[in-house]
Amino acid sequence: MKIVFATHNPNKLVEVQRMLPGHIELLSLDDIGHTEEIPETGSTIRENAQIKANHVSKKYQLPCFADDTGLLVDSLDGAPGVYSARYAGEAKNAEANMDKLLGELRGTTNRAASFKTVIALVLNQEKHLFEGVVNGEITHKKMGDGGFGYDPIFMPRGHKATFAQLPMETKNKIGHRGKAVQELVNFLKAKDHASE
Ligand code: IMP
């Protein structure tokens, strides 16, 4: 079975492909020749994942899943949330995004935050959603060189290091995206067994 993962990111594709049984073949947007940007016009993380998956599956008549992630900060009523990538502007600059967030939280004691990933899947005209969440807090300064995005200022609960300081395997295991992907993989494997 071939399924499109609506991403241009080869690392994400390999990461998910590794977790799937060999006969489920993932195709990226590049593999199917989709080059134009899919407008992320939703007002929630879930809506954006659904928009991407629906757009691709309709256009190419193929099963497809898409992911969308946001950082939700409690004391900012869930901001930056769906706007995480462009929090400090359209340049989508990670350093500027972190600087803005640290500025917003200056003097704030409640630093609780969570990362949330939603995966939307369209398979045989049916729509399914999978979620992964990791709770933690925003540190007072950037720490670590690993990861990407807000990793240097996010410390997952139960750890004394940021995502940018923890080994990638740890982040994948306890992190939002890894959990959501695991939910998707469990679902696809169960479907597979049912059709045997
Ligand atoms: P996307 O939906 O995966 O493109 O994520 C949207 C934005 O959320 C990214 O541009 C990053 O700013 C942030 N983000 C997503 N995943 C992570 C992560 O694992 N660590 C840190 N930041 C992330």
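**Local backbone features and the ligand site**

Pro80 is found in strand S4, residues 79-81 (strands are DSSP runs of E with at least two residues, helices runs of H or I with at least four, both numbered from the N terminus). The peptide bond leading into Pro80 from Ala79 is cis, and its omega is near -5°. The model is a predicted one, so to speak of local features a pLDDT of at least 70 is needed, and side-chain atom pairs count only at pLDDT 80 or more, while totals for chains, interfaces and linings use all residues. Residues are numbered from 1 along each chain as its sequence is written, and side-chain values use heavy atoms, with hydrogens and water left out.

Two loop residues also catch the eye on the backbone side. Gln61 has a phi near 50°, a positive value in a residue other than glycine. It belongs to the loop between helix H2 (45-60) and strand S3, and Gln61 counts as exposed because its relative accessible area is 65%, where exposed means over 50%, buried under 20% and partly exposed in between (1.4 Å probe, protein chains only). Asp77 shows a phi near 55°, again positive in a residue other than glycine. This residue lies in the loop between S3 and S4, and with 77% relative accessibility Asp77 is exposed. For context, most residues other than glycine have a negative phi, and most peptide bonds are trans.

Now for the ligand. There are 13 residues around it, and those that come nearest are Thr69, Asp151, Lys171, His176 and Arg177 (a residue is near if one of its heavy atoms lies within 4 Å). Sorted by class, this shell holds four nonpolar, four polar and five charged residues, with Asp, Glu, Lys and Arg as charged, Ala, Val, Leu, Ile, Met, Phe, Trp, Tyr, Cys and Pro as nonpolar, and the others as polar. Strand S3 (64-73) and helix H5 (176-194) each contribute at least two residues to the shell.

At the atom level, an oxygen atom of the ligand lies 2.9 Å from a backbone N or O atom of Thr69. The side chain of Asp151 places an N or O atom 2.6 Å from a nitrogen atom of the ligand. For His176, a side-chain N or O atom is 3.0 Å from an oxygen atom of the ligand. The ligand has 480 Å² of accessible area on its own (Shrake-Rupley, 1.4 Å probe), and the protein covers 84% of that.

A few residues round off the picture. Gly70 is part of strand S3 and is buried, at 1% relative accessibility. Between Gly70 and Ile153 there are 14 Å from C-alpha to C-alpha, for a sequence separation of 83 residues. Ile153 sits in the loop that runs between strand S6 (126-138) and strand S7 (154-156). With a relative accessible area of 0%, Ile153 is buried. Its C-alpha atom is 7.3 Å from that of Met98, although Ile153 and Met98 are 55 residues apart in sequence.

Finally, Lys12 is found in helix H1, residues 10-19. Its relative accessibility is 22%, so Lys12 counts as partly exposed. The C-alpha atoms of Lys12 and Lys142 are separated by 24 Å, with their positions 130 residues apart along the chain.

How values were computed: Polar contact = N/O pair within 3.5 Å; in protein donor to acceptor, adjacent residues only side chain to side chain.
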